[in-house]
Amino acid sequence: MFGGGGHLGVRLSRLLQRCIQVKSLAEGKQIHAHIIISENEWDIFLANQLLALYARCECMQDAQHLFDRMPTRNVFSWNNMIAGYSKCGNIDDARWMFERMPERDLVSWNSIIGGYAEDGNGKEALRLYRQMTGEEEAGRIAFASVLGICDNVEEGRQLHSHVITTGYECNAFVGSALVDMYAKGGTLESARRVFNTVIGKENGGDEVLWNGMMGRYVNQGQEEAAFKLFLQMQQMEAVHPNHFTMSTLLKACAALQALEYGKQLHGFITRCGFNANAFLANALVDMYAKCRSVEDARQVFDEMPHRNVVSWNAMVAAYSRCGSVVNARDVFDKMPQQEVVSWNSIIAGHVQSGQDGTALDLFSQMQRLGVKPDRITFASVLGVCGNLVSSQQGQQVHNRCAPSF
């Protein structure tokens, strides 16, 4: 395996593998220097590991320099370059590499198809997928990539037929992509049929599959179906609710303003040890705010060990939504960082409370501090302009907003 490096080559390989796993570019470059000194640079196994490190760290200039100097390359060398360029969003260079490969394997096709999918070029990803299936059998990663960018249900059904013939329909990874594709196309019944097939044959599927189905129910206003699915999930042995599950269900509670369900979920989150998760804590604040239980929202906020700008924005919005602009302003003024979402919440709160003059003052202050208003900001202050149309300030704001609509 190693071209003369012996035990040293094995040790260097292990060190490089660790660097790849933790994305340690600086340490990897030190090992690269040691490889050169020890005359192991053209060991193809070590060279491919270096390419993988540079690609994973999105350091494609170093990767290309090494690749160009390699006396021999194999399919792994080319695949590392394609994956690296795709990851960096440089799909043209990835395609250049792909077209010049002496031989391709499933990884090569997955990388280039996934790269086009990530780049938003679904048409080319699908064209490559069809080209691929003429040369070799598609794999689960390729299926998931093209299903993820398929925006036509009929075309999706054709892909689904191909998935069935290749035996991947019951794979949880591909099944999740199928569920998502059908749900995006508005055919939740088809999505649920795929879901049922996967959980029936794949030992219950996995958490991604269950969370995806619940999430699609919530996004399409079928919150009760999401709760029923959660109850079914709890009966499964192989899958368990995680913080994504809880976040989806909290969103459902917020949409239904189902405070009691929300409190039960809060208790479940605490029992499962998820309460330290900042993502979930923010979702709890938002849920309580939309259920107009601002005291519970504040308690969650105060108990958070770490807060980010989303946490502060959620609390400002909670007070603003409930008409408590004094408390909203108190939280707003204490924020370590105020972004446009923060300003939108505090301005909207004052508008809803009839404090038009203060809302306009905040709008002016926002601009003086260099925070750029967005359409939501303008939508709030335009209502104020109607009330203050005879004032100079109201006319100035109206003139400022008009070009944005």
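Where is glutamine 257 found? I began with this residue, bearing in mind that the model is predicted, and I located glutamine 257 in the loop between helix 15 and helix 16, the latter spanning 259–271. I then looked up its backbone, and noted that phi of glutamine 257 is positive, about 55 degrees, although the residue is not a glycine. Its relative accessible area is 51%, and because the cut-off for exposed is over 50%, I entered glutamine 257 as exposed.

**Arginine 292**

I next turned to arginine 292, which lies in the loop between helix 17 (278–290) and helix 18 (294–303). Here too I noted a positive phi in a residue other than glycine, this one near 60 degrees. I recorded a relative accessibility of 52% for arginine 292, with which it counts as exposed.

**Glycine 167**

For glycine 167 I checked the position and found it in the loop between helix 10 (153–166) and helix 11 (172–184). I wrote down a relative accessible area of 58%, which makes glycine 167 exposed. I also looked up its separation from isoleucine 44: the two residues are 123 residues apart in sequence, and their C-alpha atoms are 35 Å apart in space.

**Threonine 245**

Is threonine 245 buried or exposed? I found a relative accessible area of 0%, so threonine 245 is buried. This residue belongs to helix 15, which covers residues 243–256. Leaving aside residues up to four places away in sequence, I listed Asn211, Met214, Phe230 and Met233 as the residues that threonine 245 touches.

**Helix 3 with helix 4**

I looked at helix 3 by itself before its packing, and noted that its 13 residues reach 18 Å from the first C-alpha to the last, close to the 18 Å expected at 1.5 Å a residue. Helix 3 is mostly covered, with 10 of its 13 residues buried, and among these I noted the polar-named pair Asn48 and Gln49 as well as Leu46, Leu53 and Tyr54. I then followed the axes of helix 3 (residues 44–56) and helix 4 (residues 60–69), which come within 8 Å and cross at roughly 160 degrees. That angle makes helix 3 roughly antiparallel to helix 4, and I entered the crossing as left-handed. On the side of helix 3, I listed Ala47, Leu50, Leu51, Tyr54 and Ala55 as making the contact, while helix 4 contributes Met60, Asp62, Ala63, Leu66 and Phe67. Sorting the residues of this contact, I recorded 9 as nonpolar, none as polar and 1 as charged. I also noted that Ala47, Leu50, Leu51, Tyr54 and Ala55 of helix 3 appear in the list of its buried residues.

**Helix 6 with helix 7**

How do the axes of helix 6 and helix 7 cross, and within what distance do they come? I found that the axes of helix 6 (residues 91–99) and helix 7 (residues 106–118) come within 10 Å, crossing at roughly 155 degrees. The two helices are therefore roughly antiparallel to each other, and their crossing is left-handed. From helix 6 I listed Ile91, Ala94, Arg95 and Phe98 in the contact, and from helix 7 Ser108, Trp109, Ile112, Gly115 and Tyr116. By class, I divided the residues of this contact into 6 nonpolar, 2 polar and 1 charged.

How values were computed. Residues numbered from 1 in each chain as written. Predicted model: local features only at pLDDT ≥ 70, side-chain atom pairs only at ≥ 80, totals over all residues. Heavy atoms only, no water. Axes fitted to C-alpha atoms, helices over the stretch in contact; angles between N-to-C directions. Helix = DSSP H or I, 4+ residues; strand = E, 2+ residues; numbered from the N terminus. Parallel < 35°, antiparallel > 145°, perpendicular 65-115°, else oblique. Left-handed = near helix turned anticlockwise from the far one by under 90°. Contact = heavy atoms within 4.5 Å. Nonpolar A, V, L, I, M, F, W, Y, C, P; charged D, E, K, R; others polar. Expected span 1.5 Å × (residues − 1). Buried < 20%, exposed > 50% of the residue type's maximum accessible area, 1.4 Å probe, protein only.
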